[in-house]
Amino acid sequence: MRAAVPDHGVVSPVEIPRPAPGPGQVLVEVRAAGMNRADLLHAKGRYGQRAFAGTTGPDVAGMELAGRVVAVGDGVDDQILGTRVMAMTARAYAEYAVVDERLLMAVPEELSWTDAAALPMALLTEYEAQVALARSVAGERVLVIGATSGVGLIGVQLARTIGPASLVATSRNTDVDALLQSLGAGTVAHTPDEVANASTEGYDVVIDHVGGDWLGTALAHLRNGARVVSVGRLGERTVQVDLTALAGKRASLIGTTWKTQELAQIADSVAGVREHVLPAVADGRIRPVVSGTLEFGDIAGGYQRLADGHSPGKLVVVVSRD
Ligand SMILES: NC(=O)c1ccc[n+]([C@@H]2O[C@H](COP(=O)([O-])OP(=O)(O)OC[C@H]3O[C@@H](n4cnc5c(N)ncnc54)[C@H](OP(=O)(O)O)[C@@H]3O)[C@@H](O)[C@H]2O)c1
């Protein structure tokens, strides 16, 4: 089968043996795979060991996929054969991928392969941040920093489904305001100062994909009992924190990443997404935003587009067609 394996920073399809599912795993015939900023680090060998990387063999790139189950390992009910699934999983840029059954999510009928492949990483990341960690509830003042990132665009929509009192989203650009407002943002802030002014009463929940001054400003404008989740560091990875102010607000600053989580922990988040988030995908309240698609043979070009920056949304690799 063809699979994309990094070689000195360059990622292009090569021939490798097709993997076989082990106990508790399925084999997915991959139709499409979503691209993530973390792919760039992985290609350079700087992403680090992924606790959920699964099977041994060549270090195939890719972190999320959509496709059809074509084989099952021991202990997996074969009724799942032929179903359309999507998953956040290692080794996604391949014609076939072995996936732990616990990571599978059913693809809602309405979704194309391309749309489905754009979702798993973002659904899981934003569910974990907003629901599992921040415990966001209706009526709160919510801020999503870095809202035009692939994960942030789903974050804005998920926040809206929870029913916030106010929802502020950030981007450094003004030409994305209409998009962010169509997804549910009440206000778009374009600078840290605008973050401060956008909610004079402060924020209960902050989902941060950027760090640096943006996070610093948010930390200075929290409400009592606020929860701040650091999901990504698209900007600066350091920030000055006034610990006395944090204590006074009894606020929590929580960091998270997938790569140090064991499969069982990720499976808990998958179960949460299945129950609490997929219904909103199925009825259209949460929709994937795809900025472009490319053929598997052009995947090196996709890495270049990731590095250069692209219009808001996910880049998706079409691996095979029906
Ligand atoms: N916790 C986890 O396990 C987890 C999972 C997934 C992703 N992440 C992290 O979340 C972040 C987003 O990932 P992604 O793959 O969705 O990214 P992405 O789609 O590549 O993000 C692109 C966006 O980032 C914004 N951006 C880039 N550099 C910036 C800077 N210096 N300051 C402010 N904004 C900047 C740009 O927005 P504007 O031009 O509109 O400002 C751009 O639209 C990354 O840091 C990633 O590592 C973490």
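Here are four short exercises with worked solutions on the structure above.

This is a predicted model, in which local features need pLDDT of at least 70, side-chain atom pairs count only at pLDDT 80 or more, and totals for chains, interfaces and linings use all residues. Residues are numbered from 1 along each chain as its sequence is written, and side-chain values use heavy atoms, with hydrogens and water left out.

**Exercise 1: the ligand site**

Task: Find which residues are closest to the ligand, and work out how much of the ligand the protein buries.

Solution:
- Step 1. Start with the shell. A residue belongs to it if one of its heavy atoms lies within 4 Å of the ligand. There are 21 such residues, and the closest are Arg37, Thr148, Gly150, Ser171 and Arg172.
- Step 2. Look for polar contacts, here pairs of N or O atoms within 3.5 Å. Thr148 places a polar side-chain atom 2.6 Å from a ligand oxygen. Arg172 uses a backbone N or O atom, 2.9 Å from an oxygen atom of the ligand. Leu234 also uses a backbone N or O atom, 3.2 Å from a ligand nitrogen.
- Step 3. Turn to the area. Taken alone, the ligand exposes 940 Å², and the protein buries 83% of that. Such areas come from the Shrake-Rupley method with a 1.4 Å probe.

**Exercise 2: a helix beside the ligand**

Task: Explain why helix 4 counts as largely enclosed, and name what its buried residues pack against.

Solution:
- Step 1. Locate the helix. Helices (H or I, at least four residues) and strands (E, at least two) are DSSP runs, numbered from the N terminus. Helix 4 spans 150-162 and, like helix 3 (120-133), supplies at least two residues of the shell around the ligand.
- Step 2. Count the buried residues. Buried means under 20% relative accessible area, exposed over 50%, and partly exposed in between (1.4 Å probe, protein chains only). In helix 4, 10 of the 13 residues are buried, so the rest of the structure largely encloses this helix. Among them are Val151, Leu153, Ile154 and Ile162.
- Step 3. Find the partners, using contact as heavy atoms within 4.5 Å. The buried residues of helix 4 pack against helix 3, strand 8 (141-145), strand 9 (166-170) and helix 5 (177-183).
- Step 4. Check the end of the helix. Just after helix 4, Gly163 takes a positive phi of about 90 degrees.

**Exercise 3: two arginines with positive phi**

Task: Decide whether Arg91 is buried or exposed, and do the same for Arg250.

Solution:
- Step 1. Arg91 lies in the loop between strand 5 (84-88) and strand 6 (96-100). Its phi is positive, about 65 degrees, although Arg91 is not a glycine. With a relative accessible area of 14%, Arg91 is buried.
- Step 2. Arg250 lies in the loop between helix 8 (243-248) and strand 13 (252-255). Its phi is about 50 degrees, again positive without being a glycine. At 68% relative accessibility, Arg250 counts as exposed.

**Exercise 4: contacts across the sequence**

Task: List what Ser269 touches and what Glu101 is in contact with, leaving out residues up to four places away in sequence.

Solution:
- Step 1. Ser269 sits in helix 9 (residues 263-276). At 6% relative accessibility, Ser269 is buried, and it touches Leu124, Tyr127, Glu128 and Trp258.
- Step 2. Glu101 lies in the loop between strand 6 and strand 7 (105-106). Its relative accessible area is 30%, so Glu101 is partly exposed. The contacts of Glu101 are Gly24, Gln25, Val76 and Arg274.
- Step 3. Compare sequence with space. Glu101 and Val26 are 75 residues apart in sequence, while their C-alpha atoms are 6.2 Å apart.

Note on methods:
Polar contact = N/O pair within 3.5 Å; in protein donor to acceptor, adjacent residues only side chain to side chain.
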